[in-house]
Each structure stands twice: as C-alpha cells, then as structure tokens.
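Below is a short set of questions on how particular labels are earned, each answered by setting a computed value against its cut-off.

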Amino acid sequence: MVQLQETGGAVGARPGRWAAAAVLFLASFMNLVDVTIVNVALPAIQAGSDATSTELEWVAAIYVLAFAAGLLPSGRFGDMVGRRRIFAVGLAGFTVSSVLCGLASDIAFLIAARGVQGLAGAMMVPQVLAILHVIFPEEEKSKVFGLFAMVSSLGSVAGPVLGGAVISADLWGLGWRAIFLINLPLGIAALIGTIRLVPALPPDEDVRPDWMGMALFASAIVLLVLPLIEGRNFGWPWWSFAAMAASLALAGFFRSWQERRARRGKAQLLPARLLANRDFLSGLALVTLHFSGAPGLFLILAVFFQSGFQMTPLQSGLATAPFPFGVMLASTFVGRLGSRFYRGRIALGALFLAVAMVLLNRTIRDVGETVDLVRFVPPLLVGGLGMGIAVAGLFQSVLASVSAADAGAGSGALQAFQQIGAVLGIAIVGQIFFATLGPAPLLSDAAAGAAFIEAAATATWYPAAVYAGIALVLTLSLAISRKA
C-alpha cells in the first residue's frame, strides 16, 4: 500500500478511499438535509411558537451564521490536530445539538440550539473536502467532486420532501420536532463509519492556533449579518450602518493581521499566500455572490406556499423539489467534463438561473386564488439545472490553486464564503419579502393572498439581478481573454 501524505505531492491509490468517501458523503447529506428541511418547517414552527418574522429568519440564519463563522477556524484546526478527529467531534456535536433542537421548549431555545448545531456542522463539513482532496489521486478528483455535488443535491432534494412528509405525518405527535430528531440514527451511523473507515491522516505539527484571526473573522461576519437581519425590526437605526462599516474595517484588519503573522513566520488562520492569490480571492468573491441568490428564495417560498395559500408542508416541499432535482441531474453530467471550461460553465449556469428567476417572477404573479404547482416546475427545474452546471466549476476553480498542505484552510474558506453568501441572501431576500408583505396575516384572505404574491414576486428580483450580473461579467471576461 502506498503511504498517504497530507502535504503536497500526488496521493497514492488507497483501496478504502471510496468507503471513506461514502461516510463523508453521509455526513454532508445529513447537514444539507437539515438546512433545507428547516425551510419547509418554518411556518409550522411559527404557528407552534408564536415567533415573529424576525425570529423566523433567525431560526434559518443563526445556523448559517454560526456555520460560516466556524468553518475557517475548524478547517485550520483540522490541519493542526487531525482532520478525522475534528470531523468526528463535529459529527457527534451535530447529532447531540439536533436532539436539543427537537426538544426545544421555546423559540429562544431553538435559536440557541440551532447556533450550536451550526458550530458543530462547521467542525464537520470542511474536513470532508479536505480529506477528499488528500486521499484521492488527481485523476479521480473530478469524479469524486462531481459525486460530492450530486450527493449535496440529493440532500437538498430530500430535505423539503422529507421534512414535509414528516411534519404532515405528525410522527408520535411530535410535529416539526421530528425533523431534527431523525438526525440521531443518521449521526450514529456516520460516527461508527468514521471510526472504522475514514483514515487518520497525520496533522501538520507546525501549525498553531491564530486566536486573534479567529476573533476578527467571526466578528466581521457577525457585524455584517446582524444589522441586515435585525435592521428592519428596529427601523434601521444608525448602529446598523455603523456595524456594517465596522465589519469592512475588521475584514481589512484581518488581512493585515494574517500578513503580519506570515512575515513573523507564524501560522495564519487563512494563509497569507492564499490572500495574495488573486484567483483564489476572486473565486471566493464569486462564490459569495453566487450563493447569495438561492437560499433566501427557498425560505420565502415556504412561507409563500404555506402561510399565503394554506398548503401543507408536504405540498410545499414537493413544490420546490424540481430545483434540487435539477441540480442533481446537471451535476451528474457536468462531472464528466473534469477540469475543463470553468468560467464557461459558471457563466452558462448563471444565465440559466437568471432566466429561471424571471420565469419564477412571472409564475408567481400569475397565481390566482389557488396555486397550480405544475406551473412552478419549469422555472425551478431550469434554475436547478443552472446551479448544477455552475457549482462544481465554482468549487474546482477555487480549490485548484490550493496545495494539499492548505487543503483544510482552503476548503474551509470556500465553504465559509459559500455560507456567508447564503446568510446574506437570507437576510436580503427576507428583508425584501417581509418589508413588501407588511401585516398580511391581519388582512382578509383575498388581500393576504395578493400581498403574498407581490412580496414573493418582488423578492425574486434580487437573485435575478445577481445571476444576470455574474453571467454578463464572466461572458465579457471570456470574450476578452479569447481576443488577447
């Protein structure tokens, strides 16, 4: 057997690598199911706890916020103390916190438990790509990343449908609580598989914690997202804008701090050589923007279908299933392209998504007294195909310039900025939707339906603009590079 090395160079073939990948995929599936399953449960959670619209946003956003803030430090901790060890601890914490979510006595407890769950997920998830990046040889990475994207898509498909079915079935009278408790058997199975099948790769003994970098990174994220979610609730006071400005200042200080530690020969949270890499930084910016489009949209669609038109959670989950199904379908075929046509694939996927958002806007505005779910299939399927076309290229393009030694930090940064984009999308799209909606539940049924239609349709313009902008910029970039 060829000895695996975690730093640099080609990795020898390992007979057990596909079994290890299956365990890692199960953990990713578990995490993604939990993210998407919550969206379809939000109206039921609101009805059962009298949560405000802001508290409802926090149930979704606190997980993503804690997840994003913890990804980069956790990726680096994986480099320092061993990726399998951090993965196993995160998996155990995720399973326990899922049970706490299911046992939550009120909305405040649920939000707090979701925050813990997000931090545990942050410990677990960056190790997945980092381990795959190391244990698979170069010629198999395109295939395994394509499978990762397909499993991720399957998790997104299963989430809303499974959540809707579980809530509608009201298993053991638990209602929405059962969607969290199903993580218990999945988590136990994944933990056993981790111990038995995932290789214990050697840590980098030269890496030390960068506590100041961790504090700066997490503070910058919180100061950016907090006012976006709470600003509307407080009437956009001066401190909300001051917090966002402070976030940008802390981001600049974070970069300076990483460069200073590099000059002194100390370990960095995000290696300075990555911060000096323009391709890596532009890739992170593109990932953030790209993933700010869809997550917020699915949050408001769940509220639109269930609160606006009294659909069941299962119907709501089935209504949005064409999108992740399209992602899974496209990922299956795009994986065969390997490392070719990165920018072209991302541009084409963004174009599909922009068209899908315009079609979805039209479909929502055409809704009458009842919702015809069949009419939502084409725009959501087109959008899912676009996401599937783009996402593998996004991941591969960002990680292409990352060495095996920085795999934890690089994959942690990639997924951190993916989640930052998601929480920004939840905040922005949620702001547009709820601000446009106003006090719709207090209106008559007909007026409330019209208000929900206007709010949901208006909210689609943000992702439409984002994806159209990405498609335009990348297309122009490709045209310029061909002429050069």
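Q: Why does Val 377 count as partly exposed in this predicted model?

A: The relative accessibility of Val 377 is 33%, and since the partly exposed class lies between the buried limit of under 20% and the exposed limit of over 50%, Val 377 counts as partly exposed. This residue has its place in helix H16, and the C-alpha atoms of Val 377 and Thr 363, which are 14 residues apart in sequence, lie 9.9 Å apart in space.

Q: What makes Leu 351 partly exposed, and of which surface patch is Leu 351 a part?

A: Leu 351, found in helix H15, has a relative accessible area of 44%, and because exposed requires over 50% and buried under 20%, the residue is partly exposed. Together with Leu 348, Val 355 and Leu 359, Leu 351 forms a nonpolar patch on the surface, and the four have about 310 Å² of accessible area together.

Q: How do you know that Arg 264 is exposed?

A: Its relative accessible area is 52%, and the cut-off for exposed is over 50%, so Arg 264 is exposed. Arg 264 sits in the loop between helix H9 (238-263) and helix H10 (272-275), and a positive surface patch is formed by this residue with Arg 260, Arg 263 and Lys 266.

Q: How many aromatic pairs does a search of the whole structure find, and why is the pair of Phe 77 and Trp 211 called tilted?

A: The search finds 11 aromatic pairs. In the pair of Phe 77 and Trp 211 the ring centres are 5.9 Å apart and the planes stand at 55°; the distance is within the 6.5 Å limit for a pair, and the angle is neither under 30 degrees, as for stacked, nor over 60, as for edge-to-face, so the pair is tilted. Phe 77 lies in helix H2 and Trp 211 in helix H8, so the pair ties together parts that are 134 residues apart in sequence. At 22% relative accessibility Phe 77 counts as partly exposed, whereas Trp 211, at 58%, counts as exposed.

Q: What makes the pair of Phe 305 and Phe 376 edge-to-face?

A: The ring centres of Phe 305 and Phe 376 are 5.2 Å apart and the planes are at 75°, and because an angle over 60 degrees counts as edge-to-face, the pair is edge-to-face. Phe 305 belongs to helix H12 and Phe 376 to the loop between helix H15 and helix H16, so parts 71 residues apart in sequence are tied together. Both Phe 305 and Phe 376 are buried, and with Phe 304 and Phe 309 they form one aromatic cluster.

Key. Residues numbered from 1 in each chain as written. Predicted model: local features only at pLDDT ≥ 70, side-chain atom pairs only at ≥ 80, totals over all residues. Heavy atoms only, no water. Patch = residues over 30% accessible without salt bridge, like charges linked within 9 Å, V, L, I, M, F, W, Y side chains within 5 Å. Areas by Shrake-Rupley, 256 points an atom, 1.4 Å probe, with all protein chains shown as cover. Salt bridge = Lys/Arg side-chain N within 4 Å of Asp/Glu carboxyl O. Lys, Arg positive; Asp, Glu negative; His and termini not counted. Charge placed at Lys NZ, Arg CZ, Asp CG, Glu CD. Helix = DSSP H or I, 4+ residues; strand = E, 2+ residues; numbered from the N terminus. Buried < 20%, exposed > 50% of the residue type's maximum accessible area, 1.4 Å probe, protein only. Phe/Tyr/Trp six-rings, centres within 6.5 Å; stacked < 30°, edge-to-face > 60°.
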